[in-house]
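Work through the exercises below with the model open. Each task is followed by its solution in steps.

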Amino acid sequence: MERRLVRPLVAGAAAVAVASGGWFAYDSLRAGEMHSVHSSYAFDVKDETKVAGFADYVVVATVDRIAEVQERDGTPYTVFDVTVDQTLKGDPGKTLRMVQLGGTLGKDTWRVEGEPLLRPGTTYVLAAKTEQGRGTHQLVGGADFPVVDRAAARAGGSGPVAEWETSVDRQRWPEELPRSS
C-alpha cells in the first residue's frame, strides 16, 4: 500500500477509536432514562366483554418469572412465563409466554402510562391474543388486569374471576340476540 494512503487511514481509524471511546465513556456514566410508550386499541379496553371477545384466551394465571426483554422496532416488550391456574376462554395449555409492551433495556426503561408491568409471583386474570409464528401471546387490555387471590380463585370465591367469567359468557351469548323477521 502506498505511504500517502496509509497515513490518512491510520488517522481515520484513530479518530473513530477516540470517538467510540468517548461514546462508551458517556454511556457508562449517564443515568438511565424513563420513556413513555403508548398502546391503542380499536375498542374500549375498560369493557371486559369487548376485551374477552377480542382475546384468544382469558385465564387466571400466576406470573412465574420475566423470561426476557425483546426489542421490537426499537421498543422493548417484556416476556413473562406464566402458569395457567384456570381457563375462562380458549384452550391455552398449562403454561404460556405472555408479552407486555414496555420494559428495561440497558439503563433505559419504557412504560405505558398507567400500565405497570406484571409482577412475578402475582396471580391475575389475563386476556391475550396469540402472536402468530412467535410462540407468545400479547396481553390485551393494559392496566385493567385484576390481581387475584390465588386461594380464593381455586375455591371459586374470587370477585374478579366471577366478573371476567360473566364478561366471557356475555361475549359468547349476548343477552339480546337480533331477531329475524
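**Exercise 1.** Which strands each supply at least two residues of the lining of the largest pocket?

*Solution.* The model is predicted, so local features need pLDDT of at least 70 and side-chain atom pairs pLDDT 80 or more, while totals for chains, interfaces and linings use all residues. Residues are numbered from 1 along each chain as its sequence is written, and side-chain values use heavy atoms, with hydrogens and water left out.

Step 1. Fix the term: on a 1 Å grid over the protein atoms alone, a pocket is an open set of points where a 1.4 Å probe fits, with protein on both sides within 12 Å along at least five of seven lines; lining residues have an atom within 4 Å of a point.

Step 2. Strands are DSSP runs (E, at least two residues), as helices are (H or I, at least four), numbered from the N terminus. Strand S4 (95-101) and strand S8 (136-139) each meet the condition.

Step 3. The lining has 15 residues, and Ser 39, Tyr 41, Leu 101, Gln 138 and Leu 139 lie nearest the centre of the pocket.

Step 4. By class, the lining holds seven nonpolar, six polar and two charged residues. Here Ala, Val, Leu, Ile, Met, Phe, Trp, Tyr, Cys and Pro count as nonpolar, Asp, Glu, Lys and Arg as charged, and the others, Gly among them, as polar.

**Exercise 2.** Describe the pairing and burial of strand S7.

*Solution.* Step 1. Two strands pair if DSSP finds at least two bridges between them. Strand S2 (residues 57-72) runs antiparallel to S7, and six bridges join the two. Thr 62 has Thr 123 in S7 as its bridge partner.

Step 2. With S8, S7 forms four bridges, again in the antiparallel sense. Glu 131 stands opposite Thr 136 in S8.

Step 3. Four residues lie between the strands in the hairpin of S7 and S8, where Gly 133 takes a positive phi near 80°.

Step 4. Of the nine residues of S7 (residues 123-131), seven are buried (under 20% relative accessible area, 1.4 Å probe, protein chains only). For the chain of 181 residues, the buried share is 36%.

**Exercise 3.** Which charged side chains sit over the rings of Tyr 77 and Phe 54?

*Solution.* Step 1. The test requires NZ of Lys or CZ of Arg within 6 Å of the ring centre and within 35 degrees of the ring normal.

Step 2. Arg 72 has its charged end over the ring of Tyr 77, 5.0 Å from the centre.

Step 3. Lys 129 lies over the face of Phe 54, at 4.8 Å from the ring centre.

Conventions:
Buried means under 20% relative accessible area, exposed over 50%, partly exposed in between (1.4 Å probe, protein chains only).
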